[in-house]
Amino acid sequence: MCGIVAYVGDERAYPILINGLRRLEYRGYDSAGVALIHDGELHLHKCQGKVSDLENHVNGAPMLGTIGIGHTRWATHGPPNDVNAHPHLSTSGDIALIHNGIIENYAPIKEELKHRGHVFRSDTDTEVLVHLIDDIQRTEKVDLAEAVRLALNSVVGAYAIVLLSRKEPDLLIAARKSSPLVIGIGDNGEHFLVSDATPIVEYTKNVVYLEDGEIAVIDRKRGLRIKNIKNQYKTPFIQELELHLEALEKGGYDHFMLKEIHEQPRSIRDSMRGRLNLAKGEVVLGGIKDYEQKFVNAKRVVVVACGTSWHAGLVGEYLFEDLARIPVEVEYASEFRYRNPIINEDDIVLAISQSGETADTMAAIELAKSRGATIIGICNVVGSSIARVTHGGSYTHAGPEIGVASTKAFTAQVTVLALMAMMIGQKKGTLTGSKFYRLLNELDAIPGKVEKVLTSEAHVKYIADIYKNATNALYLGRGFCFPVALEGALKLKEISYIHAEGYPAAEMKHGPIALIDEEMPVFVIATKGASYEKVVSNIQEVKARKGKIIAIVTEGDTVVKGLADHVIEIPDAPDCLVPLLASIPLQLISYHIAVMRGCNVDQPRNLAKSVTVE
Ligand code: M6R
């Protein structure tokens, strides 16, 4: 939530900030702003809307400077408007600050600072930080870095901040707690500060991940110094970035979401690469090697996640229970953290997150960790906060996911969960030789089958055109495909703003069936497998009430074809792997409906890609 980019170097500061903000726009697009120092003056430009609105806003202004900060906002405190846009200024206008996170105790600090003569211009929590730092610097007569350190000792909440001062035009100061901040180190004393590494990939591969409670002081002449909130300095640990520019571009597709849907044969393959070994008949997950025995002995696994990652976790529950015979509880991270859950040292907590930054998931991990549980992460973003706080884990390797609606991250998460469940099942002896080898081969064949599913796009688009004006939709599935129904409904509602609900197919008759009439599209996952006949009965029940059935069926199915209004065929696969195939036509249908409705597919209203606030 909110994207931060800052730069000190040469006169390219403005283009670097703007390009960086464009890359980070998926984190929030309520407003955008930049502040640059040039010729001893601080120049501030900010406005409601997207980065393109900011560019129009500054149109004609010279935008010079070799040091600057930029921000793209997802509103928390105060509506999206020009004054609430970041950067925020101190009363004198000398200091400018950008922030990602929430300052929870901002109200009393604001009152106090107002009494002390500071002039507040916005409704944001952020603004207290810039006034507080300014106040401390004046009253304590300390330098800016020390004022930042003292100020942060008195705020409660989450933050990644960067600030600059007109009086010290060669200095950027940054700090983080619970919100991400990456430092890029370029040539000739050039430095970048960014919420994630995507804005800097074309400039440098050398990065330092700022840790919680750390303050970075970047001086044009002295370079980077890092200290903690207790004023202890440390040597920066420079890492090499593994990210390529092509992964951040649309590559000829109209939207990132469509590109990411089509990338799935590759991203699923990448999730398995070096892990699934057909020749040796084994699954090796290096990142959890030390915890294999713990899994084998585990009395239960608790999954914590949000949104799409929670849906993947639900598929994980079915996989772990079926293949490894370990009881699994799947928890919304936001509920788990606030309800005093029973967690002990024998528990394994599996934290699933594409971004690795989701605040609720992070807090759930901290709670479980404090109670002695072993925390295993499944994250996509390498070096993300969640990946770094977990004891062990497996990256999904899906590559950057930029569309706000999660697609390839979901299938990569399910792939990693399938690998984990299979590996543990084999080690535990709950997955016997022939079944293990068959599943290994089936999983290996999934990328090819996904390619085949993607060839049905024209047909899916035809169906999308018929239902694009629906106001409600139901999604039904059973067993492994119940989470697919939930995920299908989430995809439709978040990008096309059509109200949609996912249900276990059999639950329909306990209430939702009352909604069905001739206007209601009902998407049903009705593939051949354990629940096939039951789902066919559910389809009959919908048809009897004149609902419109769009069914995802196994290739060659004739029974459902005779009942449904439309069918989309997918290749045959074992029940436990069907989510990897059945989710894809549902992603495509949501995408095409949203495009036909004129919605902003990659940046749906009110949403942001990584939710770093509660
Ligand atoms: O980065 P995370 O996987 O932790 O994000 C969790 C949810 O915010 C995310 O999956 C969200 O539901 C997606 N926008 C859904 O498409």
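This passage walks through a predicted model, from its domains to its sheet, its backbone oddities and its charged pairs.

Start with the overall layout. The domain assignment splits the protein chain into domain 1 (3–247), domain 2 (250–454) and domain 3 (455–604). Taken over C-alpha atoms, the centres of domain 1 and domain 3 are 44 Å apart.

Next comes a sheet. Strands of a sheet pair through backbone hydrogen bonds, and they can do so in parallel or antiparallel fashion. Here five strands line up as β19-β18-β20-β21-β22 in an open sheet with parallel pairing. The edges are taken by β19 (328–332) and β22 (392–395), each of which pairs on one side only. On average, and ignoring direction, neighbouring strands of this sheet are turned by 20 degrees against each other. Helix α9 (residues 307–324) packs on the sheet and touches β18, β19 and β20 (348–353). The direction of α9 makes about 175 degrees with that of β19. As for the pairing of β18 (residues 301–305) with β19, the two run parallel and are joined by five bridges. Within this pair, Val-301 of β18 stands opposite Val-328 in β19.

A few spots in the backbone deserve a look of their own. One is the peptide bond from His-86 to Pro-87, which is cis, with omega near 0 degrees. Pro-87 belongs to the loop between β4 (67–73) and β5 (88–89). Two other residues have positive phi without being glycine. For His-397, phi is near 55 degrees, and the residue sits in the loop between β22 and α13 (408–428). For Lys-546, phi is about 70 degrees, and this lysine lies in the loop between α17 (532–544) and β26 (548–554). How open are these two to the outside? His-397 has a relative accessible area of 37%, so it counts as partly exposed. Lys-546 reaches 54%, and because exposed means over 50%, this residue is exposed.

Now for the charges. Side chains of opposite charge can pair when their charged atoms come close. The structure holds 36 salt bridges. One of them brings together the side chains of Asp-135 and Arg-116, at 3.0 Å from N to O. The two partners are 19 residues apart: Asp-135 is in helix α4 (residues 127–140), while Arg-116 is in the loop between α3 (106–115) and α4. Is each partner buried or exposed? Asp-135 has 10% relative accessibility and so counts as buried, whereas Arg-116, at 41%, is partly exposed.

Another salt bridge joins Arg-388 and Glu-211, again through their side chains, with 3.0 Å from N to O. This pair links distant parts of the chain, 177 residues apart. Arg-388 comes from helix α12 (residues 385–389), and Glu-211 comes from the loop between β11 (206–209) and β12 (214–219). Arg-388 is partly exposed at 28% relative accessibility, and Glu-211 is partly exposed too, with a relative accessible area of 34%.

Lys-468 and Asp-465 make a further salt bridge, at 2.9 Å from N to O. Lys-468 has 22% relative accessibility, which puts it in the partly exposed class. Asp-465 is also partly exposed, with a relative accessible area of 40%. Elsewhere, salt bridges with shared partners tie Lys-259, Glu-263, Arg-266, Asp-270, Arg-273 and Lys-408 into one network.

Last, there is Gln-264, found in helix α7 (residues 264–272). How accessible is Gln-264? Its relative accessibility is 0%, so Gln-264 counts as buried. A polar atom of the Gln-264 side chain lies 2.9 Å from the backbone oxygen of Ile-261. Leaving aside neighbours within four places in sequence, Gln-264 is in contact with Arg-269, Thr-407, Lys-408, Thr-411, Val-450, Ile-584 and Gln-587. Among these contacts, Lys-408 also belongs to the salt-bridge network just described.

Conventions. Residues numbered from 1 in each chain as written. Predicted model: local features only at pLDDT ≥ 70, side-chain atom pairs only at ≥ 80, totals over all residues. Heavy atoms only, no water. Pairing = 2+ DSSP bridges. Helix = DSSP H or I, 4+ residues; strand = E, 2+ residues; numbered from the N terminus. Axes fitted to C-alpha atoms, helices over the stretch in contact; angles between N-to-C directions. Contact = heavy atoms within 4.5 Å. Buried < 20%, exposed > 50% of the residue type's maximum accessible area, 1.4 Å probe, protein only. Domains from an automatic or database assignment. Salt bridge = Lys/Arg side-chain N within 4 Å of Asp/Glu carboxyl O. Polar contact = N/O pair within 3.5 Å; in protein donor to acceptor, adjacent residues only side chain to side chain.
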